[in-house]
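Trainee: Could we go through this model together? I would like to begin with the overall make-up and then turn to particular residues.

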Amino acid sequence: MEQNSNLKGHSNRFEMEQYILVFIFLIEQRWGYIINKELADDKITTKQWLMMIVIENAFDHDPSMQEVADALSTSHQNVKQLAVRLESRGFMKIERDLHNRRILRLRTTDECRRYWEKRSPEDAKSIISLFKGLEDEEISSLFNIVMKLEKISGNLYNEAKNAKK
């Protein structure tokens, strides 16, 4: 795909939606590559990075593996694999729930928090570089659009997930 593709000749809504979908996937692939490269020295993958961020920011309690799986729109097994690797690095603890021994809870460690504090200035530069060239109004509009897309995709994901049952 051409870097500066325009939509001339693709002015109907459906064609634009197709392009948007493809470009969102391409952006995700490129950003995943960039983030993986930035985290390579620390031996952390993009998926591990994302899971730690979600656990630290999306919950006000130590979430169960299933809660994290739901938040990441992935399987319990995928979360367990990531958690085991992060536990071996000292970034996470996998603990049995005190009230229901079948439930495994995930807790980030002080080591994890120290790691993020150390990375904070570097991460800020990286995030800023991903959006370089966008004006403040564009960032605001993009934020609002992404929030709407997240809600729509979450609803569609839940419908698809429930239809499988």
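Mentor: A term is needed beforehand: helices here are DSSP runs of H or I with at least four residues, and strands are runs of E with at least two. Please also keep in mind that this is a predicted model.

Trainee: Which residues does the UniProt domain annotation cover?

Mentor: The annotation "domain: HTH marR-type", taken from an unreviewed UniProt entry, covers residues 17-151.

Trainee: And how much helix and strand is there over residues 17-151?

Mentor: Over that stretch the chain is 70% helix and 7% strand. The C-alpha atoms at its two ends lie 17 Å apart.

Trainee: Let us turn to helix packing. At what angle do H2 and H4 pack?

Mentor: Two packed helices are described by the angle between their axes and the distance between the axes. For H2 (residues 46-58) and H4 (residues 76-88), the angle is about 90° and the axes are 10 Å apart. H2 is therefore roughly perpendicular to H4, because angles of 65 to 115 degrees count as such.

Trainee: Which residues meet there?

Mentor: H2 contributes Lys-47, Gln-48, Met-51 and Met-52, and H4 contributes Val-79, Leu-82, Ala-83, Arg-85 and Leu-86. By character, the residues of this contact divide into 6 nonpolar, 1 polar and 2 charged.

Trainee: A new topic: Thr-108. Is Thr-108 buried or exposed?

Mentor: Thr-108 is buried, since its relative accessible area is 5% and the cut-off for buried is under 20%. Thr-108 belongs to strand S2 (residues 104-108).

Trainee: What does the side chain of Thr-108 make a polar contact with?

Mentor: The partner is the side chain of Arg-113, at 2.9 Å. Leaving aside residues up to four places away in sequence, Thr-108 touches Ile-55, Glu-56, Phe-91, Met-92 and Arg-113.

Trainee: Lastly, the backbone. What is the phi of Lys-43?

Mentor: Most residues other than glycine have a negative phi. Lys-43 is not a glycine, yet its phi is positive, at about 55°. Lys-43 sits in the loop between helix H1 (13-39) and H2, and counts as exposed at 63% relative accessibility.

Trainee: And what about Ser-73: where is it placed?

Mentor: Ser-73 lies in the loop between helix H3 (65-72) and H4. Ser-73 also has a positive phi of about 55° without being a glycine. With 40% relative accessibility, Ser-73 counts as partly exposed.

Notes:
Residues numbered from 1 in each chain as written. Predicted model: local features only at pLDDT ≥ 70, side-chain atom pairs only at ≥ 80, totals over all residues. Heavy atoms only, no water. Axes fitted to C-alpha atoms, helices over the stretch in contact; angles between N-to-C directions. Parallel < 35°, antiparallel > 145°, perpendicular 65-115°, else oblique. Contact = heavy atoms within 4.5 Å. Nonpolar A, V, L, I, M, F, W, Y, C, P; charged D, E, K, R; others polar. Buried < 20%, exposed > 50% of the residue type's maximum accessible area, 1.4 Å probe, protein only. Polar contact = N/O pair within 3.5 Å; in protein donor to acceptor, adjacent residues only side chain to side chain. UniProt positions renumbered as here; feature names shortened; annotations may be inferred.
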